[in-house]
Amino acid sequence: MLARVRPIVFAGPSGAGKSTLIKKLMTEFPSAFGFSVSHTTRKIRPSEVDGVNYHFVEREAMEKEIAEGKFIENAVYSGNMYGTSIKAVQDVVDSGKVCLLDIDLQGVLLVKKTDLNPYYVFISPPSMEELERRLRGRGDTEEDAMQQRLETAKKEMAYRDQEGLWDYVLINESLEDAYAKLRAFITERYPL
């Protein structure tokens with residue numbers, strides 16, 4: 001796979017604001033960016049659309065495609081599989097857009113071993129307390145899954161300040177300020 005322009009990988013804990021910031025970017029620049037829709041084995045949430053938010057698949061089907069080498073990265077998060085297929089990225093690249101990927105830390109470490117050569121952006125909450133407030137505010141997660149998410153978030157946050165891992169670390173305290181900073185980072189790198 002050969003990207004025409006460098007993709008952008010977004011990572012950070014669930015609830016940090018990655019999806020919201022990506023949506024704002026794509027709304028402002030619809031002809032410049034395309035989203036690589038990941039695959040997952042988790043159950044669909046009421047507000048989600050298959051093929052838009054994720055490709056919701058059975059575990060056996062995803063495991064088979066991973067074994068066939070059809071994924072750039074894959075990981076298990078809170079007991080569910082997630083991954084980025086080569087086809088999902090290639091579809092965006094073929095459309096002439098900058099490919100945006102939203103992946104977890106395990107995926108970032110795998111992508112670092114490929115020739116994709118993206119920019120890596122870590123979206124961070126201002127604090128673990130604020131992250132927990134945001135996650136609980138969603139009202140869509142059972143308590144045991146919530147505790148798993150918070151434990152995973154602590155591990156992910158430990159990588160936030162690791163030298164050389166990220167091209168940009170963005171602390172999402174206020175959505176408008178965070179978006180302005182993200183927009184500035186991106187417009188310095190792409191002719192929009």
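**Sheets, pockets and two residues of a predicted model**

User: In what order do the strands of the open sheet of four strands lie?

Analyst: In this predicted model, the open sheet of four strands has mixed pairing. Strand 4 (55-56) and strand 5 are its edge strands, each pairing on one side only. Read across the sheet, the order is 4-3-6-5.

User: Which residue in strand 6 is the bridge partner of His39?

Analyst: Strand 3 covers residues 39-40 and pairs with strand 6 in the antiparallel sense, over two bridges. His39 thus belongs to strand 3, and its bridge partner in strand 6 is Gly83.
Helix 2 (residues 59-67) lies across strand 3, strand 5 and strand 6, at about 40° to strand 6. To return to the partner of His39, the residue is Gly83.

User: Is Tyr77 buried or exposed?

Analyst: Tyr77 is found in strand 5. Setting aside neighbours within four places in sequence, Tyr77 is in contact with Ser14, Tyr82, Asp104, Arg149, Thr152 and Glu156. Its relative accessible area is 11%; because the limit for a buried residue is under 20%, Tyr77 counts as buried.

User: How many Å separate the C-alpha atoms of Tyr77 and Met26?

Analyst: Along the chain, Tyr77 and Met26 are 51 residues apart. In space, their C-alpha atoms are separated by 26 Å.

User: In what order do the strands of the five-strand open sheet lie?

Analyst: The pairing in this sheet is parallel, and the twist averages 25° from one strand to the next. Its edge strands, each pairing on one side only, are strand 2 (33-35) and strand 9 (168-171). The full order is 2-7-1-8-9.

User: Which residue in strand 7 stands opposite Phe35?

Analyst: Strand 2 runs parallel to strand 7 (residues 98-102), and three bridges join the two. Opposite Phe35, the residue in strand 7 is Leu100.

User: What angle does the direction of helix 7 make with that of strand 9?

Analyst: Helix 7 (residues 175-187) packs on the five-strand sheet. There it touches strand 1 (8-11), strand 2, strand 8 and strand 9. With the direction of strand 9, its own direction makes an angle of about 165°.

User: Which element gives the largest share of the lining of the largest pocket?

Analyst: The largest pocket has a volume of about 1100 Å³. Of its 41 lining residues, the closest to the centre are Ser19, Arg42, Arg45, Tyr54 and Asp102. Helix 1 (18-28), strand 5 (71-77), strand 6 (80-85) and helix 6 (143-157) each give two or more residues to this lining. The largest share, six residues, comes from helix 1.

User: How many residues in the lining of the largest pocket are polar?

Analyst: The lining divides into three classes, with 11 nonpolar and 13 charged residues. The remaining class, polar, has 17.

User: Which helix gives the largest share of the lining of the second largest pocket?

Analyst: The second largest pocket has a volume of about 160 Å³, and its lining divides into four nonpolar, three polar and four charged residues. Among the lining residues are Phe35, His39, Lys87, Ala88, Asp91 and Val92. The largest share, four residues, comes from residues 86-94, that is, helix 3.

User: What is the phi of Asn117?

Analyst: Asn117 lies in the loop between helix 4 (105-111) and strand 8 (119-124). Asn117 is partly exposed, with a relative accessible area of 46%. Although this residue is not a glycine, its phi is positive, at about 55°.

How values were computed. Residues numbered from 1 in each chain as written. Predicted model: local features only at pLDDT ≥ 70, side-chain atom pairs only at ≥ 80, totals over all residues. Heavy atoms only, no water. Buried < 20%, exposed > 50% of the residue type's maximum accessible area, 1.4 Å probe, protein only. 1 Å grid on protein atoms, 1.4 Å probe; cavity = no way out; pocket = protein on both sides within 12 Å on 5 of 7 lines; lining within 4 Å. Points joined across faces, edges and corners; volume = space filled by probe spheres on them. Nonpolar A, V, L, I, M, F, W, Y, C, P; charged D, E, K, R; others polar. Pairing = 2+ DSSP bridges. Contact = heavy atoms within 4.5 Å. Axes fitted to C-alpha atoms, helices over the stretch in contact; angles between N-to-C directions.
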